Amino acid sequence: METGRTNNKTLQVTTYEGSVALSNTEKQTTSSETGEEVLVQSGFFSETNIDGQSAPNMPKAIPQTPIVYGPRIGKIRKNPVFSWSESPREDETRYMIEIARDAGFSVDVQQYYSTLPNIVLRSNVAPGDWYWHVAAINQEEVRSDWSTTFGFSVPYDVR
């Protein structure tokens with residue numbers, strides 16, 4: 001689950017696993033003062049004003065998780081093409097690609113964005129082993145779950 005404010009008066013909840021009950025109340029109770037709450041199940045998101053006066057929005061589906069086409073493993077050449085499945089609503093979707101030195105995406109993390117279901121990395125990716133995954137982001141700035149993580153390696157120059 002992710003929570004975030006889309007502005008200073010809105011709270012957004014995105015659920016990737018399980019479900020979350022979302023209500024709009026200033027008090028921490030099991031149900032809102034208005035008695036209205038929505039269940040945000042896995043694969044959905046909802047927003048609410050944090051004024052305590054209105055009910056949360058009905059949940060909407062998060063973008064579909066991309067399926068990685070390549071590279072899936074092995075050595076890559078200069079300016080590699082990373083590709084994945086296209087979102088069904090491609091005109092409203094952009095993609096965030098992360099590469100990192102570790103599969104937990106905590107070491108030397110680099111992010112790239114594309115409006116197409118592929119990207120050519122023209123920056124100099126340092127030699128060694130890398131991992132990557134991709135997520136779709138819709139016009140409401142809601143991110144899909146991350147794709148499966150794959151590894152690749154950039155060969156060291158042998159002179």
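In this predicted model, the side chains of Glu141 and Arg94 come together in a salt bridge, with 2.6 Å from N to O. The two residues belong to distant parts of the chain: Glu141 sits in the loop between β12 and β13, Arg94 in strand β9 (residues 94-100), and 47 residues separate them. Neither end is hidden away, because Glu141 has a relative accessible area of 49% and Arg94 has 28% relative accessibility, and partly exposed covers what lies between the 20% and 50% cut-offs.

**Salt bridges**

How many salt bridges does the structure hold? There are three. As background, side chains of opposite charge can pair when their charged atoms come close. Another of these pairs is Glu140 with Lys60, whose closest N and O atoms are 2.9 Å apart. That pair also ties together distant parts of the chain: Glu140 is in the loop between β12 (128-137) and β13 (150-154), Lys60 is in strand β6 (residues 60-61), and they are 80 residues apart. Then there's Asp108 with Arg101, where the N to O distance is 3.7 Å.

Here are the pairs side by side:

| Acidic residue | Basic residue | N to O distance |
|---|---|---|
| Glu141 | Arg94 | 2.6 Å |
| Glu140 | Lys60 | 2.9 Å |
| Asp108 | Arg101 | 3.7 Å |

Are the partners in the other two pairs buried or exposed? They fall in between: Glu140 counts as partly exposed at 29% relative accessibility, and Lys60 does too at 43%. Asp108 is partly exposed at 47%, and so is Arg101 at 26%.

**The overall make-up**

If you're hunting for a helix, you won't find one: the protein chain has zero helices and 13 strands. Of its 159 residues, 40% count as buried. Strands of a sheet pair through backbone hydrogen bonds, either parallel or antiparallel.

**The four-stranded sheet**

Back to β9, the strand that carries Arg94. Along with three other strands it makes an open sheet in the order β10-β9-β12-β13, and the pairing is antiparallel. At the edges are β10 (110-114) and β13, each pairing on one side only. On average, neighbouring strands here are turned by 30° against each other, direction ignored. Between β9 and β10 there are five bridges, and one residue pair to look for is Glu98 with its bridge partner Gln111 in β10.

**The three-stranded sheet**

A second open sheet has three strands in the order β7-β8-β11, again with antiparallel pairing. Why does β7 have one side without a neighbour in this sheet? Both β7 (68-70) and β11 (118-120) stand at the edges with a single partner strand each, so one side of each is left without a neighbour. The average turn between neighbouring strands of this sheet is 20°, direction ignored. β7 is joined to strand β8 (residues 81-84) by two bridges, and Val68 stands opposite Trp84 in β8.

**Strands from the N-terminal part**

Strand β2 (residues 10-15) is largely enclosed by the rest of the structure, because five of its six residues are buried. It pairs with strand β5 (residues 44-49) in the antiparallel sense over six bridges. Thr14 stands opposite Phe45 in β5.

Strand β3 (residues 19-23) pairs with β4, also antiparallel, over five bridges. One contact across that pairing is Leu22 with its bridge partner Val38 in β4. Which side chains of β4 (residues 37-41) are buried? Val38 and Val40 are, and they point to one face. Glu37, Leu39 and Gln41 point to the other face and are not buried. In a regular strand the side chains alternate between the two faces of the sheet.

**The largest pocket**

Finally, a look at the open space. The largest pocket has a volume of about 280 Å³. Fifteen residues line it, and those nearest its centre are Lys78, Asn124, Val125, Val154 and Pro155. What classes of residue make up the lining? It has eight nonpolar, three polar and four charged residues. Val154 also falls within β13 (150-154), the strand at one edge of the four-stranded sheet.

Technical notes. Residues are numbered from 1 along each chain as its sequence is written. This is a predicted model: local features need pLDDT of at least 70, side-chain atom pairs count only at pLDDT 80 or more; totals for chains, interfaces and linings use all residues. Side-chain values use heavy atoms; hydrogens and water are left out. A salt bridge is a side-chain nitrogen of Lys or Arg within 4 Å of a carboxyl oxygen of Asp or Glu. Buried means under 20% relative accessible area, exposed over 50%, partly exposed in between (1.4 Å probe, protein chains only). On a 1 Å grid over the protein atoms alone, a cavity is a set of points where a 1.4 Å probe fits but cannot get out, and a pocket is an open set with protein on both sides within 12 Å along at least five of seven lines; lining residues have an atom within 4 Å of a point. Grid points are joined across faces, edges and corners, and a volume is the space filled by probe spheres set on the points. Ala, Val, Leu, Ile, Met, Phe, Trp, Tyr, Cys and Pro count as nonpolar, Asp, Glu, Lys and Arg as charged, and the others, Gly among them, as polar. Two strands pair if DSSP finds at least two bridges between them. Axes are lines fitted to C-alpha atoms, for helices over the stretch in contact, and angles run from 0 to 180 degrees between N-to-C directions.
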